[in-house]
Amino acid sequence: MSKETEKQRWQRNFADLLQELRVAQTGVQILFAFLLTLPFSNGFTRTSEFQRDVYIVALLAAAAATAMIISPVAFHRALFRQGRKPELVRFAHRMATGGLAFMLIAMVSAVLLITDFVLDRPIAFVLSALAGFWFLVFWVILPFARRNWGEDDIDDEDDDPDTLSVG
């Protein structure tokens, strides 16, 4: 089995990143659409000033997440066929990371908005903090804790072609 070239690696990294962005883009667009329609619903007039402030934070964070997660497409259009895939991958990585950070803010703010509307504020804060912690566990803590997960196995397989399996 041959090793991939640097150009192939950048191409694979970009394709992988695009797949990840497609998943994130769908989630943030659904949240953003929900937030855009919320002020036009009948119950929105019953929101408190605090809830409207939380709504603005959620809306702006969802807008920022949407912009950052979609921006690699515009960047790709600007750099198309210029042979600058490494630059594009680095930019897309930063935008995806920033977009996920804004998405976390938007999601936790949306949870706070809804729970504060239907429950007592202290319970809303606890549930929102738990939601934020849950997102941090799965989006930050576990991925970084397991960053080198399986590297020894991959290195061993690369060294011994007899251990490769076709599945």
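Student: Which word fits phenylalanine 138: buried, partly exposed or exposed?
Tutor: Good place to start! This is a predicted model, in which local features need pLDDT of at least 70, side-chain atom pairs count only at pLDDT 80 or more, and totals for chains, interfaces and linings use all residues. Residues are numbered from 1 along each chain as its sequence is written, and side-chain values use heavy atoms, leaving out hydrogens and water. Buried means under 20% relative accessible area, exposed over 50%, and partly exposed in between (1.4 Å probe, protein chains only); at 44%, phenylalanine 138 is therefore partly exposed.

Student: How many aromatic pairs does the structure hold?
Tutor: Rings of Phe, Tyr and Trp (its six-membered ring) pair if their centres lie within 6.5 Å; planes under 30 degrees apart are stacked, over 60 edge-to-face, and the rest tilted. On that basis, the number of aromatic pairs is five.

Student: What kind of pair do phenylalanine 44 and tyrosine 55 form?
Tutor: Their ring centres are 5.2 Å apart. The planes meet at 70°, so the pair is edge-to-face.

Student: Where does each of these two residues sit?
Tutor: This pair links distant parts of the chain, with its members 11 residues apart. Phenylalanine 44 is in the loop between H1 and H2, and tyrosine 55 is in helix H2.

Student: And what kind of pair do tryptophan 134 and phenylalanine 138 make?
Tutor: Here the ring centres lie 4.9 Å apart. With planes at 65°, the pair is therefore edge-to-face.

Student: Which residues does serine 71 touch, beyond those up to four places away in sequence?
Tutor: Serine 71 is buried, because its relative accessibility is 16%. Counting contact as heavy atoms within 4.5 Å, its partners are Phe91 and Met95.

Definitions and conventions: Helix = DSSP H or I, 4+ residues; strand = E, 2+ residues; numbered from the N terminus.
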